[in-house]
Amino acid sequence: MKKVQFKSNYSQYFFLAPQLLILLIFLYWPIIQTFKDAFTMQDAFGFGSQFAGFDNFLFIFSDPSYFTAFKFTIIYSFVITFITGSIGLLLAVQANKVMHGKSAYKTLLIWPYAIAPAVVGVMANYFFSERYGLLHHLFNNLWGFNWYENVFDAYIYVIIAGSWKQISANFIFFLAGLQAIQKTVIEASIIDCKSNIRRFWTITFPLLMPTTFFLIIINITYAFFDTFGIIDTTTIGAPGSETKTLVYKAYIDGFKGLDLGSAGAQSIMMMIIVLVITIFQFRYIEGKIHYN
Amino acid sequence: MTKYISSTINHFILSIGLLIMVVPIWIIFASSTHSSLFINTNGLQFFLGDNFIDNYSRVLFKQSGFFNEITALKMFLNSFVMATGIATLSVITSLMAAYGLVYFKVKFATFIFWLIFITLLVPLELRIMPSYIVMSKLNLVNTFAGLILPISASAIATFFFRQFYKSIPDELLEAAKLDGTNSWSFFIDFLIPLSKTMIAAVFIFMFVFGYNQYLWPLIMTTSEQYWTVVMGLKTMYGSISDRFAFVIMSMIPPVIIIIFLQKLFIQGIFQNK
């Protein structure tokens with residue numbers, strides 16, 4: 001809020017109205033519906049429904065495939081965050097150092113960021129197809145790759161497909177973070193510490209902390225939600241439902257299985273997870289990091 | 001001497017990075033210029049073939065889809081309408097809402113603030129089925145309004161504009177008030193020109209976001225007339241080289257936008273930090 005403001009009785013509502021209206025109809029109405037679904041049990045033919053209390057929640061907690069999806073989502077977001085973060089940081093540090101060709105590197109490394117996850121998934125599909133796939137052949141020669149049956153192989157498939165474009169996002173933000181570090185700090189540190197590698201971990205990396213935490217949140221959100229298009233165009237959750245993310249499972253159960261109660265309860269569980277991550281971000285991270 | 005060695009290492013690592021990011025696209029592109037027969041017998045290709053014009057023009061103008069009712073060209077048009085609609089609507093509504101929140105005394109301000117920003121916790125993927133039901137009650141299935149409105153219902157842009165307004169010095173409003181500027185002309189004549197970079201960045205971001213939507217168009221369009229590019233990819237039938245060509249074409253618009261406007265985009269996002 002500003003100290004100096006306009007005094008008016010109605011204009012502020014004129015400015016707020018369009019967004020609030022859209023949010024109420026297209027966001028709050030469905031959200032309320034989600035809560036209603038989550039606490040309602042529908043009979044198998046969809047004729048009637050009745051209040052079910054926490055039955056839908058108890059049902060998903062007793063469902064082993066929900067835990068499979070939970071486990072996969074956690075592993076998936078952890079691995080994607082780690083892989084894309086470290087490769088993005090490595091490339092950003094190199095790109096920040098080179099004298100020649102900086103902008104060419106930057107442009108070529110940035111553009112996969114713009115490609116839709118679903119498009120990346122369709123591409124990955126070709127590289128992992130038995131008929132044409134180069135990566136399929138490579139891994140098959142190494143250890144007998146078969147992602148429809150082998151959980152580990154399916155993980156490799158969706159992790160490669162999911163990480164590829166996210167490297168660009170990490171690269172962009174790390175590079176911007178590096179460029180924001182003042183030259184004088186770096187020059188002073190060169191005098192104190194001769195070793196490049198030690199200097200990076202003791203001076204540069206701590207200064208990049210705000211960017212790092214920002215990217216961790218971005219990467220986790222990406223792995224939770226944006227990978228829908230990747231899963232749906234690559235493994236479709238196979239083998240079994242080993243590579244279904246929580247979002248993908250909620251969609252399959254709700255839209256394909258028409259089990260609105262279970263899908264609603266799953267959505268609410270996801271909202272709670274996102275809420276926890278957000279609170280963690282604001283309380284813990286924002287408090288601990290010093291912005292320069 | 002060590003300087004040369006370390007710079008060589010830098011370039012070496014960057015080149016590996018480039019290979020990882022560029023080679024997959026190149027292979028799909030090179031393969032898309034061969035005939036399907038050739039691909040089927042020889043696999044993916046590293047070198048260009050001579051079917052570029054044939055393949056790409058066939059894909060653009062051929063009727064495809066499950067019922068053969070749509071061309072790729074029409075899908076591009078649909079995607080553009082959808083992405084432009086989403087970007088325009090969210091920029092306008094967010095610009096206004098952020099103005100209302102920052103520059104006015106609002107009754108129940110905290111409540112309205114939370115009403116808007118709690119929506120960041122609930123992406124469309126989490127309310128997909130109820131959203132579909134709401135849209136069918138409103139008769140918006142198979143319309144552009146149905147494709148655009150729920151995706152514009154996002155507080156991300158409001159959040160960016162709010163941060164930006166807060167960084168503008170209070171003296172600006174004080175001076176404007178002394179001149180007798182009213183709230184409407186302060187918004188139009190002062191804030192919007194000041195926010196130009198931000199507006200452009202948010203517009204680009206939302207355009208790419210809208211263009212890349214996959215799940216929502218998949219659910220909202222039962223009629224092929226409203227298919228968009230990104231969702232059409234999975235459902236489009238055709239020979240293998242047609243599909244390669246379509247994949248390549250589908251990524252051109254957002255990639256061009258990001259490459260040409262990367263400076264603006266990055267600048268806009270980092271103005272906030």
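This tour moves through a predicted model of two chains, A and B, selecting one part after another.

**Stop 1: chain A as a whole**

Select chain A and display it as a cartoon. Thirteen is the number of its helices, and two strands accompany them. The C-alpha trace of chain A spans about 75 × 70 × 30 Å along its principal axes. Now colour the residues by burial: of the 292 residues in chain A, 42% are buried. Contacts within the chain may be examined next. Among those in chain A that link residues at least 6 apart in sequence, 70% join residues at least 24 apart.

**Stop 2: two helices inside chain A**

Select α3(A), residues 64-97, together with α7(A), residues 151-180. Two packed helices are described by the angle between their axes and the distance between the axes. For α3(A) and α7(A), the axes come within 7 Å and cross at roughly 45°. An angle from 35 to under 65 degrees falls in the oblique class, and α3(A) and α7(A) are therefore oblique to each other. View the pair from the side on which one helix lies over the other: α3(A) passes α7(A) in a right-handed crossing. Which classes of residue make up this contact? There are 16 nonpolar and nine polar residues in the contact of α3(A) with α7(A), and no charged ones.

**Stop 3: a loop with two backbone features**

Stay in chain A and select the loop between α11 and α12, where Pro239(A) is found. Most residues other than glycine have a negative phi, and most peptide bonds are trans. Show the backbone atoms from Ala238(A) to Pro239(A): the peptide bond between them is cis, with omega near -5°. Ile236(A) lies in the loop between α11 and α12 of chain A as well. Its phi is near 50°, a positive value in a residue other than glycine. Is Ile236(A) buried or exposed? Ile236(A) counts as exposed because it has 12 C-beta neighbours inside 10 Å, and a residue with 12 or fewer is placed in that class.

**Stop 4: the side of chain A that touches chain B**

Bring chain B back into view and select the residues at the contact between the chains. Chain A contributes 70 residues to this contact and chain B contributes 67. Several helices of chain A each supply at least two residues to the side that touches chain B, including α1 (11-38), α3 (64-97), α7 (151-180) and α13 (260-288). Which helix gives the most? It is α1(A), with 16 residues on the side of chain A that touches chain B. Colour this side by residue class: 50 of its residues are nonpolar, 15 are polar and five are charged.

**Stop 5: a helix pair across the two chains**

Keep α1(A) selected and add helix α6 of chain B, residues 128-137. The axes of α1(A) and α6(B) come within 8 Å and cross at roughly 120°. The two helices are therefore oblique to each other, and α1(A) passes α6(B) in a right-handed crossing. Show the side chains next. From α1(A), the residues Trp29(A), Pro30(A), Gln33(A), Thr34(A) and Asp37(A) meet Pro130(B), Ser131(B), Ile133(B) and Val134(B) of α6(B). By class, the residues of this contact are five nonpolar, three polar and one charged.

Then follow chain B into the loop between α6 and α7 (144-152), where Asn139(B) is located. The phi of Asn139(B) is near 60°, a positive value in a residue other than glycine. Asn139(B) counts as exposed because it has 10 C-beta neighbours inside 10 Å.

**Stop 6: the largest nonpolar core**

Select Val119(A) and Val202(B). Of the 144 residues in the largest nonpolar core, these two touch the most other members. Helix α4 of chain B, residues 72-103, provides the largest share of this core, 14 residues.

**Stop 7: two residues of chain B**

Select Leu173(B), in helix α9 (residues 170-178) of chain B. Leu173(B) is buried because 21 other C-beta atoms lie within 10 Å. Add Phe190(B): the two residues are 17 apart in sequence, and their C-alpha atoms are 9.1 Å apart in space.

Finally, select Ile53(B), in helix α3 (residues 52-61) of chain B. Ile53(B) is exposed, with 9 other C-beta atoms within 10 Å. A distance drawn from its C-alpha atom to that of Leu178(B), 125 residues away along the chain, is 64 Å.

Note on methods
Residues are numbered from 1 along each chain as its sequence is written. Chains are lettered from A and ligands numbered from 1 in the order in which they are written. This is a predicted model: local features need pLDDT of at least 70, side-chain atom pairs count only at pLDDT 80 or more; totals for chains, interfaces and linings use all residues. Two residues are in contact if their C-beta atoms, placed from the backbone, lie within 7 Å. Helices (H or I, at least four residues) and strands (E, at least two) are DSSP runs, numbered from the N terminus. Ala, Val, Leu, Ile, Met, Phe, Trp, Tyr, Cys and Pro count as nonpolar, Asp, Glu, Lys and Arg as charged, and the others, Gly among them, as polar. Axes are lines fitted to C-alpha atoms, for helices over the stretch in contact, and angles run from 0 to 180 degrees between N-to-C directions. Angles under 35 degrees count as roughly parallel, over 145 as roughly antiparallel, 65 to 115 as roughly perpendicular and the rest as oblique. A crossing is left-handed if the near helix is turned anticlockwise from the far one by less than a right angle, and right-handed if clockwise. A residue is buried if 20 or more other C-beta atoms lie within 10 Å of its own, exposed if 12 or fewer, and partly exposed in between; C-beta atoms are placed from the backbone. A nonpolar core is a set of buried Ala, Val, Leu, Ile, Met, Phe, Trp, Tyr and Cys residues joined through C-beta atoms within 7 Å.
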